[in-house]
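Please find below my notes on the chain you sent round, set out as numbered points for you to check against the coordinates.

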Amino acid sequence: MNETPSSAEGSVRRRGGRPPQGQPVVERAFALLRSFDSGRRAQTLGELARRSGIPRSSALRLARTLVGVGALERLDDGRFVVGLRLLETASLAPRGHGLRAVAMPFMEDLFHVTRQHVLLAVREQAEALLVERLSALDAGPVRYRVGGRLPLASTGVGLVLLAFAPPAVQDRAVAAHRPGEGDDRLHAPSDLRRALAEVRRGDYAHGHQSHPGPMSTVAAPVRDGRAVVAALSVVAPSSGFPDAGYGPAVRATARAISRRLAEEAGRAGPPAEGRLP
């Protein structure tokens, strides 16, 4: 379904003069980086300071340091943009590039069959993070972007990720759910709770959303042999959406990706002692 702006994307810290006492420099640096979003790809120093809540002089020092290491770049007009060094580093993330590398051949097959939007997402705390998207030129309009964050209850991939998330994450999402968010069927928190149970029971999600445009989706979980690590979906216009056709294709593709991930995990062996799995 259509992307709704995430409250976390481009969130602005409250201005409070100096940074909190003892706040690590790395936190302030990430506050600068988090001030960028899809609507603010280039920012002046003043915009960086305002949106990060960091005093202008401190923001300038941090920005210059980030430019020096390639995390930011400065345009001829003086504005700052995200640097390519971040892309290089992000490409090493196993839940991003590593997952994408395994899933891509299967996603391409699904894309050629459906000729719609094929999405791959992971859960990042209380949101879904889009890792990859394949879209046909004539597919229905959506506003998803790779790297964008989406509320879990508003998309097919989000519902799948939420259904297999820890109970505390589910409880918070259900408590915060409001009518009109996401699937047309989800009018109350109890509806969302029931939908999550259906996802776990059927091992897939399907949904329809009327606003801002009529779109439908089918999504399925991707596992690594131990747990759900991602969700795969097809998103297409509701008119003529073939649930019976897309559903089996999405679930078969998700299972194929899961088998390959399990094989990769088996070859890599168990996690080393002292390291997170």
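The points below go from the whole chain to the sheet, then to single residues, and end with a pair of helices.

1. The model is a predicted one, and my remarks should be read with that in mind. The chain comprises 9 helices and 9 strands, and 43% of its 277 residues count as buried. Where two residues at least 6 apart in sequence are in contact, the partners are at least 24 apart in 55% of the cases. The exposed area of the chain comes to about 14700 Å², of which carbon and sulfur atoms supply 55%.

2. Six strands make up an open sheet, and reading across it gives the order β6-β5-β4-β9-β8-β7, with antiparallel pairing. At the edges lie β6 (149–151) and β7 (205–209), each of which pairs on one side only. From one strand to the next, the twist averages 35 degrees.

3. At the β7 edge, the pairing with strand β8 (residues 215–223) is antiparallel and consists of 5 bridges. Within this part of the sheet, Gly 207 is placed opposite Thr 217 of β8. Thr 217 appears again in the next point, as one of the contacts of Ser 233.

4. Is Ser 233 buried or exposed? This residue belongs to strand β9, which covers residues 228–237, and it counts as buried because its relative accessibility is 1%, where the cut-off for buried is under 20%. Once neighbours within four places in sequence are set aside, Ser 233 is in contact with His 117, Val 118 and Leu 119, with Val 157, with Thr 217, Val 218 and Ala 219, and with Val 250.

5. Strand β4 (residues 117–124) has Glu 124 as a member, and a relative accessibility of 24% makes this residue partly exposed. Although Glu 124 and Arg 149 are 25 residues apart along the chain, their C-alpha atoms are separated by 8.5 Å.

6. Two backbone values around β4 deserve a look during your own checks. Arg 115, in the loop between α5 (94–114) and β4, is not a glycine and yet has a positive phi of about 55 degrees; with a relative accessible area of 40%, Arg 115 is partly exposed. Gln 125, in the loop between β4 and β5 (127–134), is likewise not a glycine and has a positive phi of about 60 degrees. Which class of accessibility does Gln 125 fall into? At 62% relative accessibility, Gln 125 counts as exposed, because the cut-off for that class is over 50%.

7. How do α6 and α8 lie with respect to each other? Helix α6 (residues 156–163) packs against helix α8 (residues 189–202) at an angle of about 80 degrees, and their axes are 9 Å apart. Since angles of 65 to 115 degrees count as roughly perpendicular, α6 and α8 are therefore roughly perpendicular to each other. On the α6 side, the contact involves Leu 159, Val 160, Leu 162 and Ala 163, which meet Leu 192, Leu 196, Val 199 and Arg 200 of α8. By class, the residues of this contact divide into 7 nonpolar and 1 charged, with no polar residue among them.

Note on methods
Residues are numbered from 1 along each chain as its sequence is written. This is a predicted model: local features need pLDDT of at least 70, side-chain atom pairs count only at pLDDT 80 or more; totals for chains, interfaces and linings use all residues. Side-chain values use heavy atoms; hydrogens and water are left out. Helices (H or I, at least four residues) and strands (E, at least two) are DSSP runs, numbered from the N terminus. Buried means under 20% relative accessible area, exposed over 50%, partly exposed in between (1.4 Å probe, protein chains only). Contact means heavy atoms within 4.5 Å. Accessible areas come from the Shrake-Rupley method with a 1.4 Å probe; for residues, only the protein chains shown count as cover. Axes are lines fitted to C-alpha atoms, for helices over the stretch in contact, and angles run from 0 to 180 degrees between N-to-C directions. Angles under 35 degrees count as roughly parallel, over 145 as roughly antiparallel, 65 to 115 as roughly perpendicular and the rest as oblique. Ala, Val, Leu, Ile, Met, Phe, Trp, Tyr, Cys and Pro count as nonpolar, Asp, Glu, Lys and Arg as charged, and the others, Gly among them, as polar. Two strands pair if DSSP finds at least two bridges between them.
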